[in-house]
Amino acid sequence: MEKGKVCPPDGVLAHLEMLEARAHQAAVKQEEVEQQEQKLARLKARVQELRALRDELQAKVDLQEKGQLEKEGVVSNPAQPSAQAVLEWKIKSVKATLQIFYLTGISGKLTKRGVCFCISTAYEGTYLDSYYLDLLTKPEVQIHRHSVPIFIPLEQIAKSYLQRDIRRFLSVLSDHLNAYVGRRYQADQLQEHFSEQIEGTLQRNSLCNLLVFNYNVSKKSKTFPFNVRLLYGDLCCSLPTEVIVSCTCSPTSLAETAAAHSALFRRVALHKAFRSFGSAEGNVAGAALNPPGSAQEHPSPGSLTSRE
């Protein structure tokens, strides 16, 4: 046997130790992922509890408002309620709204001309941004100033809900903002922690509902380039509705890998999917076979932007 091909015992032991270290690291990462998923499940359960409590409080507030109005004689002549009674009812309604939405990340305070709301956003327990909305209540409810990004369909949401259901208006707007910061957070995490796997620049629009990028996959000591296009058709969701993953060199043997990655992108957050790529390809494919689920699952407040 040639001298260069002899594998000394020390080399074998070092190689085994390296494999053992890699296996340990993979196990630690898998445990971290499972812990985060358990934490997310607990947070989701807590959100459900808070929403149920909000609905219960809302029902009580509605009953109290109805009884108060009847006591003050506002309902005795519904065709012509007094201006003072209507104003008092509006103030009580706004106070009730502030109390209820405080439980769901929406808070506010009364101003001389109306009310100023603060919508706090987060993704998977991480606080991200806060957005402000200054509303006028006289002679009718209208938006005076706000810090909502221009690409959020604020005008459309206001047209649909602001005049007839302010609670629904704030809830829908909060869903849009939380989904947007969630998509942006995932893209930022991908660029920050997995830049070595990303080939070139991650392309995204302002709303972060369209992401296009290339990434490399190592398989059998070879590196294969993949291209992915993620479309978030539901603007109130932080997971894509359409995923296209393809290998630019198009080997038939990688079709299964592309399909597994596509399923994973639909099921979990973008940066979590790439974290899974660090483990064995078999684990990735196995995770992709699970039924797709849904997760829905806050820059510092900027200056308020005037709105005509």
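The following paragraphs describe the fold, the burial, the salt bridges and some local backbone features of a predicted model.

The protein chain of the predicted model contains seven helices and nine strands. Of its 308 residues, 37% are buried, and the accessible surface amounts to about 18,500 Å², with carbon and sulfur atoms accounting for 53% of that area. Part of the nonpolar surface is gathered in a patch of about 410 Å², to which V12, L13, L16, M18 and L19 contribute. Among these residues, V12 belongs to helix 1, which spans residues 9-71, and V12 is classed as partly exposed because its relative accessibility is 38%, a value that lies between the limits of 20% and 50%.

Helix 3 (154-161) shows a division between a covered and an uncovered face. Its buried residues are L154, I157, A158 and Y161; these cover an arc of only 100° around the axis, and they therefore lie on the same side of helix 3. The spacing agrees with the general geometry of such elements, since an α-helix has 3.6 residues a turn and residues three or four places apart consequently point the same way. The exposed residues E155, Q156 and K159 are carried by the face of helix 3 that is turned away from the buried side. The cover over the buried residues of helix 3 includes strand 3 (126-136), strand 4 (142-146) and helix 4.

The loop that joins helix 3 to helix 4 (166-193) contains Q163. When residues up to four places away in sequence are disregarded, Q163 touches E140, V141 and A158, the last of which is one of the buried residues of helix 3. Although Q163 and V141 are 22 residues apart along the chain, their C-alpha atoms are separated by 6.3 Å, and the side chain of Q163 reaches the backbone oxygen of V141 at a distance of 2.4 Å.

Five salt bridges are counted in the model, and three of them are described here in turn. In one of them, E124 is paired with K272, with 3.5 Å between the closest N and O atoms. This pair links distant parts of the chain, given that E124 is located in the loop between strand 2 (114-123) and strand 3 whereas K272 is located in helix 6 (residues 270-277), 148 residues apart. The two partners fall into separate accessibility classes: E124 counts as partly exposed because its relative accessibility is 22%, while K272, at 13%, counts as buried. The surroundings of K272 are consistent with its own burial, in that helix 6 is mostly covered, with six of its eight residues buried, namely L270, H271, K272, A273, F274 and F277.

A further salt bridge joins D129 and R184, whose closest N and O atoms are 2.6 Å apart. Here too the pair links distant parts of the chain, with D129 in strand 3 and R184 in helix 4, 55 residues apart, and both D129 and R184 are buried. Strand 3 and helix 4, which hold these two residues, are also among the elements that cover the buried residues of helix 3.

The side chains of R229 and E242 likewise meet in a salt bridge, at 3.5 Å from N to O. Because R229 lies in strand 7 (residues 222-231) and E242 lies in strand 8 (residues 242-247), this pair ties together parts that are 13 residues apart in sequence. R229 is partly exposed, as follows from its relative accessibility of 32%, and E242 is partly exposed as well, with a relative accessible area of 33%.

Two backbone features remain to be noted. The peptide bond from K138 to P139 is cis, with omega near -5°, and P139 is placed in the loop between strand 3 and strand 4. At C208, which is a residue other than glycine, phi is positive, near 55°. Both features stand out against the general background, since most residues other than glycine have a negative phi and most peptide bonds are trans. C208 is found in the loop between strand 5 (198-204) and strand 6 (210-219), and C208 counts as buried because its relative accessibility is 3%.

Note on methods. Residues are numbered from 1 along each chain as its sequence is written. This is a predicted model: local features need pLDDT of at least 70, side-chain atom pairs count only at pLDDT 80 or more; totals for chains, interfaces and linings use all residues. Side-chain values use heavy atoms; hydrogens and water are left out. Helices (H or I, at least four residues) and strands (E, at least two) are DSSP runs, numbered from the N terminus. Contact means heavy atoms within 4.5 Å. A polar contact is a pair of N or O atoms within 3.5 Å; within protein, one must be able to donate a hydrogen and the other to accept it, and residues adjacent in sequence count only if both atoms are side-chain atoms. Buried means under 20% relative accessible area, exposed over 50%, partly exposed in between (1.4 Å probe, protein chains only). The arc is that of the directions from the helix axis to the C-beta atoms. Patches are made of residues with over 30% relative accessible area and no salt bridge: like charges are joined within 9 Å, nonpolar side chains (Val, Leu, Ile, Met, Phe, Trp, Tyr) within 5 Å. Accessible areas come from the Shrake-Rupley method with a 1.4 Å probe; for residues, only the protein chains shown count as cover. A salt bridge is a side-chain nitrogen of Lys or Arg within 4 Å of a carboxyl oxygen of Asp or Glu.
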